[in-house]
Amino acid sequence: MDAEASVEDQIRQQIRNNPVLLYMKGSPDAPQCGFSAQAVQVLVACNRPFSYVDVLSHPEVRASLPGIASWPTFPQLWVEGELVGGSDIIVEMYQNGELQPMIEAASEDADEGD
Amino acid sequence: MQIANSITAKLTHSFTPHHLEVHNESHKHNVPPNSESHFRVVLVAECFVQQKLLQRHRAVNTVLANELANGVHALSLHLYTPAEWSERQSAPASPDCLGG
């Protein structure tokens, strides 16, 4: 398996295994970009557990994910294997009241799967 | 102004906007003076009716793929239908830069 294929496999596995997954710059405790910080703030407000990958510590993910996702920037929120969007979309959906039920449903499905 | 102009021209051509704002916010970030790396766009267009947010963003990202591949590092998009825009009349501001 070449290196690029294994990064893609790794990313697809992360997306499959984590019902609520944020690809971001930095960590939720120490975000390194205003847009990532905004995404974390909204997810914390949803009051459900979420996973994250710091793309600054994983440059191979940072390089490969935009191509896989057809999405050029970070952060990226993935819920139940689907790309929801970046921070503009997450904030907008939170304000519309669409995000919370989506996150709640995803974490309930995850609990049932345990 | 080169990239800002090209963003404006491409969006105008592709979306025939009711309303378009292209803000170069690069000066708020840790980049050299007069950079064109961080943009915030407010775009109101009829074609967004029936499109979910993800589809709207993908449509704009596709039109600006060349800019995103050549120096535009952050592109904040606020995309509305004319009806949504007439209700709100303004778009959220960008968050402060944290260095990344």
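Which strands of chain A does helix 3 (residues 59-69) lie across? Keep that in mind while you click around, and remember that you are looking at a predicted model. The model scores ipTM 0.89 and pTM 0.92. In chain B, the mean pLDDT is 94, and 99% of the residues reach 70 or more.

**Stop 1: the sheet in chain A**

Start by colouring the strands of chain A. You should find an open sheet of 4 strands in the order 2-1-3-4, with mixed pairing. Now pick out strand 2 (51-54) and strand 4 (82-85): these stand at the edges, and each has a single partner strand, so one side of each is left without a neighbour in the sheet. Turn the view a little and look at the twist, which averages 25° from one strand to the next.

Here's a bit of background for this stop. Strands of a sheet pair through backbone hydrogen bonds, and they can do this parallel or antiparallel.

Next, select strand 1 (residues 20-24) of chain A together with strand 2 of chain A. The two run parallel and are joined by 4 bridges. Zoom in on Tyr23(A), and you'll see Val53(A) of strand 2 standing opposite.

**Stop 2: the helices on the sheet**

Add helix 2 (residues 34-45) of chain A to your selection. Helix 2 packs on the sheet and touches strand 1 and strand 3 (76-79) of chain A. Compare directions, too: helix 2 makes about 160° with strand 1 of chain A.

Then show helix 3 and settle the opening question. Helix 3 of chain A lies across strand 1, strand 2, strand 3 and strand 4 of chain A. Against strand 3 of chain A, helix 3 runs at about 60°.

**Stop 3: hunting salt bridges**

Time to switch on side chains. Side chains of opposite charge can pair when their charged atoms come close. Over all chains, the whole structure has 5 salt bridges, and this tour visits some of them.

Select Arg12(A) and Glu8(A) first. Their side chains meet in a salt bridge, at 2.8 Å from N to O. The two residues are 4 apart in helix 1 (residues 3-17) of chain A, which means about one helical turn separates them. Arg12(A) is partly exposed, with a relative accessible area of 40%, and Glu8(A) is also partly exposed, at 30%.

Now for a pair that crosses between chains. Glu92(A) and Arg88(B) meet in a salt bridge of 3.5 Å, N to O. Follow the pair from helix 4 (residues 87-96) of chain A, home of Glu92(A), to helix 4 (residues 82-88) of chain B, home of Arg88(B). Which of these partners is buried? Glu92(A) is, with a relative accessible area of 14%, while Arg88(B) is partly exposed at 31%.

Stay in chain B and select Glu67(B) with Lys10(B). Their closest N and O atoms are 2.9 Å apart in another salt bridge. Glu67(B) lies in helix 3 (residues 65-69) of chain B and Lys10(B) in helix 1 (residues 2-15) of chain B, so this pair ties together parts that are 57 residues apart in sequence. Glu67(B) counts as buried, at 7% relative accessibility, whereas Lys10(B) is partly exposed at 27%.

**Last stop: a serine in chain A**

Go back to chain A and find Ser107(A) in helix 5 (residues 99-113). Is this residue buried or exposed? Ser107(A) counts as buried, at 8% relative accessibility. Display Arg48(A) as well, and you'll spot a polar contact of 3.4 Å between the side chains of Ser107(A) and Arg48(A).

Methods
Residues numbered from 1 in each chain as written. Chains lettered and ligands numbered in written order. Predicted model: local features only at pLDDT ≥ 70, side-chain atom pairs only at ≥ 80, totals over all residues. Heavy atoms only, no water. Pairing = 2+ DSSP bridges. Axes fitted to C-alpha atoms, helices over the stretch in contact; angles between N-to-C directions. Contact = heavy atoms within 4.5 Å. Salt bridge = Lys/Arg side-chain N within 4 Å of Asp/Glu carboxyl O. Buried < 20%, exposed > 50% of the residue type's maximum accessible area, 1.4 Å probe, protein only. Polar contact = N/O pair within 3.5 Å; in protein donor to acceptor, adjacent residues only side chain to side chain. pLDDT = per-residue confidence, 0-100.
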